[in-house]
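Reader: I'd like to learn how to read a model like this one, feature by feature. Can we go through it together?

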Amino acid sequence: MTDTSPRTTGPGAGEAVGAASGNAVAGGADLVLTGVTKRFTDFVAVDNLDLTVPQGSFFALLGPSGCGKTTTLRMVAGLETPTEGEIRLAGQDITHLKPYRRPVNTVFQSYALFPHLTIFENVAFGLRRQGKPDVDAAVAAMLDLVELSDLASRRPAQLSGGQQQRVALARALINRPQVLLLDEPLGALDLKLRRQMQIELKRIQTDVGITFVHVTHDQEEAMTMADTVAVMNRGVIEQMGAPMDLYEHPMTTFVANFLGQSNLIGGRVLGSDGADLEVEVHGTRLRVPRSRGAQDTGEVWVGIRPEKVQVCAPGSADDGPRSRLAGGVITDASFIGVSTQYLARMPWGQELMAFEQNTGAHEQFRVGDHVELRWVPEHTFLLDADQDANAGVERVDEG
C-alpha cells in the first residue's frame, strides 16, 4: 500500500529501529510471520500472511503500490502493530516489542544521515550511544566493507547518492542486527547508479551473512539481488520462489505480467498425449508440456514471453520443433539497441509482442510485413482463463 504513516526520518533514524542489538546472528534465526493481518479501518492492507524468511537469505517482497509490502516491513520493524497474527524471530515472539528492542535495523529511501558529523562518526553513532568497546576498529572494518574507507573524514553533503546509501547501510549493519530491513533503498538513485548498487548490496549481504528483507516495486531489482522473491498483490502473496522459477513458471496472470512481460492468448485444452497437452489457439493446435500448465483442462491463457518468440518469414525453414502461429502482420518495429521490439497483429485481432536480439543473422522486418511467430514448445505456459489477462500490467499513469 502507499504508506502515509509518519516515517522515522530525523537524525538517528537508522539506529532508532533495532539499535538494541549488538550480538552476532544466532543459529536458526528465521523470521516467521504466522497469520499476520493488518487492517486500517475498513481497508485490509495485509491479509492472513504466512511467511518464513530463512536466516542468512536475501529476501525480496515485490509488488506494486498498495499491495501491502511496506506495511509488512513496518510490522516486522515494530512501526506498525498487526491486527492479528504473530511475528517471531529466532524463535522469539517480537509481535509487540518496541522497535528499539527488536534485533532488526531498517534502511529507508531517505538515508537520514547526520549532516554535521563525518562519515566515520555517522557509522560510529549507534555503537557509541550503546557504550560499545573498540568502536574505532569496528567502524574501520565496516567502512572497508562498503568501500568508503578513504572518505571517512568527509561529511554526507560531500558524497554522491550511492555513497550516502552505503553509509546508511554501514550504520545499520555495524549493530549486527539479525535482520536488515530495506524499504525501497535505491528509489532515489538514477538508473545507472541503482544498477551498480544492486550488485553492491548483494555483495555486502553475501559478505556479512545477515538476513536482508528488501521491499521494492522494481522487478529487475528484486530478481537481480534476491535469493527468494515473494510477489505480493492486494495483501497476499501470489507466488514465492527463486527469481528464475517465478519468471519461467508463473502460476497466475498477475505474476506473468508483473515480472517482465507476457503474451497471453486465449486457448482451450483439447486433451493430453503422454507428457503433453494439446491446446487449440484460434484454430491452431499446439503441444504444451503438462509440467508447464498451472491449468490443464478447459479454457486457458496460453502464455509466451516476448523474448522467447521468433519472428519468421512465412514458410521459412525451422531449425527444430516449434510451436507456430501464422498470419501475423508487423504493426510496429522499435529498435532499442541490443534488440528490436516487434508488435504483430494476428488474424483474430490481438497484437503479440516479440523481442529479437540484433545479431545481424537476418534482415529486420518492417511495418506491414507478413510474418509467422514461432517458439520452442517448452517455453509455453498455461494459466487459468478465469484470471484477468491484464492483472499486473503497469499502466503509464500509474508510474
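Reader: Let's start with one side chain: is R374 buried or exposed?

Author: R374 counts as buried because its relative accessibility is 1%. The cut-offs are under 20% relative accessible area for buried, over 50% for exposed, and partly exposed in between, using a 1.4 Å probe and protein chains only. Before we go on, some ground rules: this is a predicted model, where local features need pLDDT of at least 70, side-chain atom pairs count only at pLDDT 80 or more, and totals for chains, interfaces and linings use all residues. Residues are numbered from 1 along each chain as its sequence is written, and side-chain values use heavy atoms, with hydrogens and water left out.

Reader: Which residue forms a salt bridge with R374?

Author: The general idea is that side chains of opposite charge can pair when their charged atoms come close. Here a salt bridge means a side-chain nitrogen of Lys or Arg within 4 Å of a carboxyl oxygen of Asp or Glu. For R374 the partner is D318, with the closest N and O atoms 2.5 Å apart. That pair links distant parts of the chain, 56 residues apart: D318 sits in the loop between strand 15 and strand 16 (323–335), and R374 in strand 19 (residues 370–375). Helices (H or I, at least four residues) and strands (E, at least two) are DSSP runs, numbered from the N terminus. Unlike buried R374, D318 counts as partly exposed because its relative accessibility is 31%.

Reader: How many salt bridges are there by this rule?

Author: The count comes to 24. Another of them joins K308 and E248, whose closest N and O atoms are 3.2 Å apart. This one also links distant parts of the chain, with K308 in the loop between strand 14 and strand 15 (310–312), E248 in helix 8 (residues 243–248), and their positions 60 residues apart. K308 is partly exposed because its relative accessible area is 22%, and E248 is partly exposed too, at 21%.

Reader: And which residues are linked in a network of salt bridges?

Author: The network takes in E147, R166, E200, R203 and D207. E147 rewards a second look: this residue other than glycine has a positive phi, near 60 degrees. You'll find E147 in the loop between helix 4 (135–145) and helix 5. E147 counts as partly exposed because its relative accessible area is 46%. N48, in strand 2, is also not a glycine and has a positive phi of about 50 degrees.

Reader: Now helix 3: which of its residues are buried?

Author: In helix 3 (residues 119–130), the buried ones are I119, F120, N122, V123, A124, G126 and L127. The side chains of R128 and E121 meet in a salt bridge, at 3.0 Å from N to O. R128 is partly exposed because its relative accessibility is 38%, and E121 is partly exposed at 27%. Just after helix 3 comes G131, with a positive phi of about 70 degrees.

Reader: On to the cores. Which residues have the most contacts inside the largest nonpolar core?

Author: In soluble globular proteins, nonpolar side chains tend to be buried together. A nonpolar core here is a set of buried Ala, Val, Leu, Ile, Met, Phe, Trp, Tyr and Cys residues joined through side-chain atoms within 4.5 Å. The largest has 49 residues, and L180 and F212 have the most contacts inside it. Helix 5 (residues 161–173) gives this core its largest share, 6 residues. A second, separate core of 25 residues includes V53, I87, V215 and A230.

Reader: What is F212 in contact with?

Author: Leaving aside neighbours within four places in sequence, F212 is in contact (heavy atoms within 4.5 Å) with S57, F58, F59, L173, L180, L182, L201, I204 and Q205.

Reader: Last one: which residues line the second largest cavity?

Author: The lining is made up of L31, L33, L51, V53, L61, T72, L73, V76 and V213. On a 1 Å grid over the protein atoms alone, a cavity is a set of points where a 1.4 Å probe fits but cannot get out, and lining residues have an atom within 4 Å of a point. Helix 2 gives the most to this lining, with 3 residues.

Conventions. On a 1 Å grid over the protein atoms alone, a cavity is a set of points where a 1.4 Å probe fits but cannot get out, and a pocket is an open set with protein on both sides within 12 Å along at least five of seven lines; lining residues have an atom within 4 Å of a point.
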